[in-house]
Amino acid sequence: MGPFGREDVRILLLGERGVGKTSLILSLVSEEFPDVVPPRAEEITIPADVTPEQVPTHIVDFSESEQTEQDLAREVQRADVVCLVYAVDDNHSLQQITERWLPLLQSLRPRTKDDGGSQTGEVVSAVPIILVGNKSDLLEQGNMDSVLPIMNHYAEIETCVECSARTLRNISEMFYYAQKAVLHPTAPLYIAEDRELTEKCKKALRRVFAICDRDGDGSLSDVELNAFQQRCFGTSLQNRALEDVRNVVRRHTNDGVGSNGLTLSGFLFLHRLFIQRGRHETTWTVLRKFGYDDNLNLCRDYLHPPLRVPPGCNTEFSASGWAFLVQLFEQHDKDKDGALNTEELASLFSPCSIMPWGQNLKYSVPTNGQGWPTLKGYMAQWSLMTYLDVRRTCELLAYLGYHTAGTDNQLSAITVTKAQRSGGSKKRNTRTVFMCHVIGPPGVGKTTFCQGLLGRTVDEIDTSNLWCELPRYVARQLSVYGQSKILLLHDVDALGADSLSPQQVSCDVACLVYDATDEHSFEHVARLYLKYFAETSIPILIVASKWESGPVRQQYLQQPETFCRKHRLPPPHGFSAKAGRLQSDVYIKLATMSSFPSWRPSMLSGNSSAVWIRAVVGLAAATALGLILARTIRRLNIG
């Protein structure tokens, strides 16, 4: 694959007999005019290392005397660009360009609406065209005045050039323009008759501008312009060059330069100017650096770079990914209130194809009193999405312009982590995002338990009348021994003893919920544990919901406390979602169990996570004391 996403470029030469198509090809190759010109030149391939754009180029001749109409149709279909050749001293050959060849190309390769089409609605050729006036050595003065109206009328004509196969004038330039028409096409960028950028080009450049406007003030400062220049072209602009750019924009626009730098209007003007001066490659370089293909759509590989997540592994953000997301939040939090209101959130996601987060966001992650995501809620939502659908995360990062030095894709923002289960190791889990499945039959209080992670009580949920719309996933950032962790809760309905799928069982920690006021409720979760979790290493916490009403004796072989003791589980945790009774210790306990999956706290008693915490802290303190004693002994040369 070449540097422009193409393997090669195929140039087809067409025109009337005797205009010099074959001579042009032979003169290019031999660098001298041939004494004997055959009816047709064989296909020639020019290696990438001798072409200006470093892409292999095939040059194809067509001869009506040796080839058929079927051959012509096949070659037109295969061509990336067509050079229509006429003789500058033969008006009939020029007339045939408009009467025969251009209509023929439009019929063989019509452009559809999806290709961009003509802005005026007429049918145009989907293949770019170069008008080539050969035999310029026979006239003292060219006839460009006759050609320019044709070029202006047909949108598919990229440019026109006069040359001479005999004197070698402009031959290399002709093939360079043909190659450039393929690699840097005009039609997707510019409407010649309107002297204006296409709407699709404007939309793409607006996204580029928004990404490069790092402080979100609507202007590109000198620092931001240099970062843009470095990203796209690998160089920085000197102060004099920056001032020259601003002066050009000021001379031609009223609002192109503001007090803080180059505005969007000025940015669009510069690219329109580049194209009008024939420097399409400048705009295309920018667009391709930001992921666009020849049709100004974001490339599939740019949106979804190859990322392999082996079975049993999960995905979360790397340090560079976190830094990028925090920078975006701070950039768009205009009022600096620590939350993103509706307008700020829309501004943040404006480079994306759609708004990815809905109005129910406040029921998934922490928000402020107005229902706007705080920084912690914003990061929790990103973490939740990345855990569940990393492909979607990569797509959004691409739209938002994620970029780090030395990489052009989003993979450096993602870390693939392996799930850590209990076994021999007692080390802390180095992951930062953990999934807890909250499992139990409908009606036992799983939804209120999940919403409790966000500090929402059952009374608030009842008032909102959103029971049927509440999300199944909830996420929040918690602190485990000073380390920031994100706990994801998944509300899983278990309708029967055989109702869980392997995906519903697989998690970092499971929370089995029963209704403390229902004497038959515990039996259900006990059977779930014995069937699905007893032989696994997944940490388990049993939660007795509706604890404020007073627990009743369970109609089961064993009471919950006895059952947990027998199976070396933490004691059942009484939970209430009533106002004034809601406590966060159960969520910290779940996050701690995820971070230290090797600990099976059968020795714990009581209903508070304090015992759990003291046990782990005690181990850490004992380990630290042992290390101190060992160093002291070595220092004293004892033992």
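1. Just after helix 15, G401 takes a positive phi of about 85 degrees. Helix 15 itself spans residues 390-400 and is mostly covered, with ten of its eleven residues buried. The buried residues of helix 15 are V390, R392, T393, C394, E395, L396, L397, A398, Y399 and L400. The list includes R392 and E395 alongside L396 and L397.

2. These values come from a predicted model. The protein chain holds 22 helices and 19 strands. Of its 639 residues, 50% are buried. Among contacts in the chain with a separation of 6 or more, 70% are between residues 24 or more positions apart.

3. An open sheet is formed by six strands in the order 2-3-1-4-5-6, with mixed pairing. Strand 2 (44-46) and strand 6 (157-162) are at the edges, and each has a single partner strand, so one side of each has no neighbour in the sheet. From one strand to the next the twist averages 20 degrees.

4. At one edge of this sheet, strand 5 (residues 129-134) pairs with strand 6 in the parallel sense, over five bridges. One of the paired positions is I129, whose bridge partner in strand 6 is I157. Helix 3 (residues 91-108) packs on the sheet and touches strand 1 (9-15), strand 4 (81-87), strand 5 and strand 6. The direction of helix 3 makes about 155 degrees with that of strand 4.

5. A further helix to look at here is helix 5 (residues 171-183), which lies across strand 1, strand 3 (57-61), strand 4, strand 5 and strand 6. Helix 5 runs at about 120 degrees to strand 1. Strand 1, strand 4, strand 5 and strand 6 are thus named for helix 3 and also for helix 5.

6. Helix 12 (residues 319-332) and helix 14 (residues 375-388) have axes that come within 11 Å and cross at roughly 135 degrees. Angles over 145 degrees would count as roughly antiparallel and 65 to 115 as roughly perpendicular; helix 12 and helix 14 are therefore oblique to each other. The crossing of helix 12 with helix 14 is right-handed.

7. Which residues make the contact between these two helices? On the helix 12 side they are W322, L325, V326, L328 and F329, and on the helix 14 side L375, Y378, M379, W382 and S383. By type, the residues of this contact divide into nine nonpolar, one polar and no charged. As background to the spacing of such positions, an α-helix has 3.6 residues a turn, so residues three or four places apart point the same way.

8. Strand 16 (residues 483-493) is mostly covered, since eight of its eleven residues are buried. Strand 14 (residues 433-440) pairs with strand 16 in the parallel sense over eight bridges, and H437 stands opposite H490 in strand 16.

9. Strand 15 (residues 473-480) is also joined to strand 16 by eight bridges, but this pair runs antiparallel. The bridge partner of A475 in strand 16 is L488. In the hairpin of strand 15 and strand 16 there are two residues between the strands, and Y481 takes a positive phi near 50 degrees. Strand 16 therefore has a parallel pairing with strand 14 and an antiparallel one with strand 15; in general, strands of a sheet pair through backbone hydrogen bonds in either sense.

Conventions: Residues numbered from 1 in each chain as written. Predicted model: local features only at pLDDT ≥ 70, side-chain atom pairs only at ≥ 80, totals over all residues. Heavy atoms only, no water. Axes fitted to C-alpha atoms, helices over the stretch in contact; angles between N-to-C directions. Helix = DSSP H or I, 4+ residues; strand = E, 2+ residues; numbered from the N terminus. Parallel < 35°, antiparallel > 145°, perpendicular 65-115°, else oblique. Left-handed = near helix turned anticlockwise from the far one by under 90°. Contact = heavy atoms within 4.5 Å. Nonpolar A, V, L, I, M, F, W, Y, C, P; charged D, E, K, R; others polar. Pairing = 2+ DSSP bridges. Buried < 20%, exposed > 50% of the residue type's maximum accessible area, 1.4 Å probe, protein only.
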